[in-house]
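Let's take a look at the empty space shut inside this protein. Have the sequence and the model open as you read.

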Amino acid sequence: MSRYPFVYDPAEPFMKQAGAWIADVFYEVLPEHGFEIRDEQIYMAFQLEKAFQEKMTLFAEAGVGTGKTLVYLLYSICYARYTRKPVVIACANESLIEQLVKPEGDIAKLSRCLGLDIDARLGKSPDQYVCLRRLDEARFQDEEAELFEDLYRGLPGFVRSREALQSFHAYGDRKYYPQFSDGQWSKVNWNAFQDCFVCEKRHRCGMTLSRDAYRKSADLIICSHDFYMEHVWTYEARKREGQLPLLPAHSAVVFDEGHLLEYAAQKALAYKIKHSMFEELITRLLDGQVRESLANAIEEAIAQSEALFRALERNSTPIPGSARMSVQLDGELLAEVQRFRALLSAIEEELVFESGLYTLSEYHLRIVEEHIEMMHRALQWFHETGKLICWTERSETELMLSVMPRTVKEVMRERVFAEKMPIIFSSATLAVGGSFRYVADSLGMEKFLSFNVPSPYDYVNRMKVVVAEPESDSIFAAKMKVAAKWLQQSGGRALLLFPAADQLEQFKRAIARFPECSDIRFLFEGDGEISHLIESFQRDECSVLGAVSLWEGLDVPGPSLSHVLIWSLPFPPHDPVMLARRQDAASPYEEVELPYMLLRLRQGIGRLIRSSDDSGTIVILDEKVTEQQPLRSCIAALLPQGVELQQLRQE
C-alpha cells in the first residue's frame with residue numbers, strides 16, 4: 001500500500017506536492033461527493049501549507065462554514081505520513097472531539113470520499129474513564145450502590161478474573177454510560193487524587209489500556225486541550241519516574257477552538273493538595289524499616305499539614321456564584337506554609353540517607369520524592385505572591401487547596417512554542433477587533449503567522465438577532481416569561497446558553513412552573529453524557545438543550561436548532577483565576593472582561609447557522625444590552641456584516 005495518497009517525487013518539496021494534491025481534493029474529489037467548492041477553504045489551504053512547510057505557529061481564523069476542519073485534517077494526515085509521527089488534534093471539549101471521530105464525523109467522511117484508510121485514535125482525559133478503586137468504594141458505600149454495582153457487572157471479564165492468557169482491550173469510557181448524570185459519574189471516575197503509579201489495578205485499568213492503543217496511531221491522535229496541556233506539564237516528571245509521557249512523540253499539533261487554550265493550560269498547571277492525600281502518600285514510607293529521625297519528621301509533617309489546612313479554613317471566603325473560595329494571604333498563613341515547606345525539606349534530606357540503606361522500596365521512594373518536589377514547587381509560589389493564584393474548595397468532606405502560576409506565558413513559551421514544529425490555532429473567533437494580540441499575548445507568543453477568512457453564509461437573510469427588554473421589577477421572572485413564551489411559539493427547536501451552572505440550575509427549577517412549556521422535552525447539560533444529550537437533541541426536533549459548555553463546538557445543522565437563547569452575556573466568572581487577570585490589567589473591563597465576553601458571545605452566536613440552508617433567531621435575554629449603549633454598540637459590531645441588533649417587541 002502506498003505511504004502517501006499521491007505519487008510522491010523525492011526530488012520535489014513534499015509540502016508543495018501535498019498542497020497540489022489537497023487542491024485537487026477540494027476542486028475535483030469532494031464536489032463529486034456533494035461538497036461545495038469554497039474560495040475561503042482554498043485560501044486557508046495555501047496558508048496552512050506555508051505553516052507546515054516553515055514549521056511555524058499559525059492563527060487560522062475562519063468563519064463558520066469555511067470547512068476549516070477538512071483543511072487541517074488533510075494537511076495533518078500528509079504531514080504525519082511524511083514525518084512518520086502522528087499529528088495531535090487537541091479540541092476544546094468533548095463535543096468537538098465527537099464531531100471528528102463519530103461514525104458520520106469529519107474523519108469518516110474524508111476516509112469514504114478519498115478511499116483512504118486514516119489511522120485516527122482517541123486519547124481522552126483521565127476523568128473520562130472509570131476508576132476501578134473509586135468504583136469499588138461507590139458500589140459498597142454509596143447510597144446509589146446498586147447503580148454502581150450494575151456498572152461493575154457490565155465491565156469486561158478480565159477486570160474481575162486473574163486467569164492467564166486473557167485478551168485485554170480499552171473500556172470504561174464516559175461516552176458509554178449516558179444514563180449517569182455528571183454528579184453520579186464524579187463518584188466513580190478518575191480524579192487528581194488517584195495515585196495510579198501504585199494502584200494494584202493499573203494493568204487492568206481502562207484508562208491505561210486506552211493509552212496503549214492511541215500511542216500506536218500512525219496518522220492522528222485526537223485529544224482535549226486539557227489532556228495535551230497535562231502531557232506538557234507532566235512530561236519531565238513522568239520521565240523521571242520511569243513512566244511514558246501521556247502522548248507519544250508527534251510532528252505537529254492543531255488546537256481546535258484555540259482561543260480557549262490558555263484556560264486549559266492554567267488548569268493543567270494547577271496543583272491540588274488535600275491533607276488526606278498527603279498523609280496517605282507520606283505514610284507509605286513507614287511501611288519499611290526506617291530510622292527514627294525520618295519517622296519523627298513524617299509525624300511532624302502530618303501535624304503541620306493539619307495546622308496548615310486549619311489556617312486555610314480560617315482564611316477562606318466564599319465567592320458568590322462559584323464553588324471556589326478566595327484565600328487571604330496574611331502573615332499567619334504564610335508562616336504555616338513556610339513551616340510545612342521546611343518539614344518537607346527535612347524529609348527530603350532524610351530520604352537521601354535512607355535510600356542508601358535500601359530498606360525502602362525504590363519504586364515507592366521515587367514516587368514519594370517526586371510528589372514532595374511537586375508540592376515544594378507549588379508552595380514556593382506563596383513566597384512570590386505576585387506570581388500566585390490560589391483558592392480552596394470542598395472536595396467530598398474536606399478542604400482542597402489549588403495553586404497555580406499567575407500566567408502560563410513562560411511555560412507555554414518554553415515547553416510548547418520552543419518546539420520546532422507546526423502549531424495551528426483554528427477557530428472562528430481568534431481575533432478581537434481584528435487583532436490576534438489578545439490571544440497571542442496571553443500565551444506568551446511572539447512570532448506567528450495569521451489570517452482571517454469570513455463565513456460564506458448569507459447571514460443577512462438567514463439570521464435575526466433580537467434583544468429582549470425585561471418588563472418587571474424581577475429580572476429573573478421577566479426573563480423566564482420571555483423565554484417560556486418564545487419556546488412555546490417555536491415549539492422547542494432551541495439551544496439555551498448559560499454562562500454559569502448555577503444559572504442553568506435556576507432555570508431548570510423554574511421552567512417546571514410554566515404549563516405552556518409542559519409538552520416540550522428539556523435536556524440539560526449535567527443530566528447525562530454530553531454527546532448522548534446532543535444526539536438526542538438533534539434527533540428530537542421539538543426539544544430544547546440547555547448548556548454551559550456548548551458556546552463552542554456544537555454543530556447541529558437543520559431545524560432542531562433554529563433558535564439560540566442567550567440567558568446572560570458570558571462575562572468571565574468571579575473566581576480567583578479571573579480576579580488575578582483583572583488585578584493585572586490597567587483597565588480590567590476593556591482588557592479582560594469585554595474581550596472575553598465578546599469572543600465567547602461570537603462563538604455562541606455561531607451555533608445557529610451551520611449550513612447554507614439553516615435560518616433562525618438569536619435571542620439575547622440580558623438587560624445590560626438595553627441599559628448600556630456602549631455595550632450594545634460592541635455587540636452590534638461583532639455581528640456578521642449586514643445583520644442588525646433589533647429590539648424584541650413584547651405583545
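Which element gives the largest share of the lining of the second largest cavity? That would be α2, with 3 residues.

## What we're looking at

Keep in mind that this is a predicted model. Rolling a probe the size of a water molecule over the atoms shows where empty space is left. Here, the structure turns out to hold 2 cavities of 30 Å³ or more.

## The second largest cavity

Let's stay with the cavity from the question. Its volume comes to about 40 Å³, and its lining is made up of Gly-19, Ala-23, Ile-42, Ala-45 and Phe-46. The elements that give two or more residues to this lining are α1 (14-29) and α2 (39-54).

As for chemistry, the lining of the second largest cavity splits into 4 nonpolar residues and 1 polar one, with no charged residues. Gly counts as polar here, so Gly-19 is the polar residue in this lining.

## The largest cavity

Now over to the largest cavity, which holds about 50 Å³ of space. Around it you'll find Trp-233, Leu-269, Tyr-271, Met-374, Arg-377, Ala-378 and Trp-381. Helix α15, spanning residues 362-379, gives the most to this lining, with 3 residues.

What classes of residue line the largest cavity? There are 6 nonpolar residues and 1 charged residue, and no polar ones. Arg counts as charged, so the charged residue in this lining is Arg-377.

Key. Residues numbered from 1 in each chain as written. Predicted model: local features only at pLDDT ≥ 70, side-chain atom pairs only at ≥ 80, totals over all residues. Heavy atoms only, no water. 1 Å grid on protein atoms, 1.4 Å probe; cavity = no way out; pocket = protein on both sides within 12 Å on 5 of 7 lines; lining within 4 Å. Points joined across faces, edges and corners; volume = space filled by probe spheres on them. Helix = DSSP H or I, 4+ residues; strand = E, 2+ residues; numbered from the N terminus.
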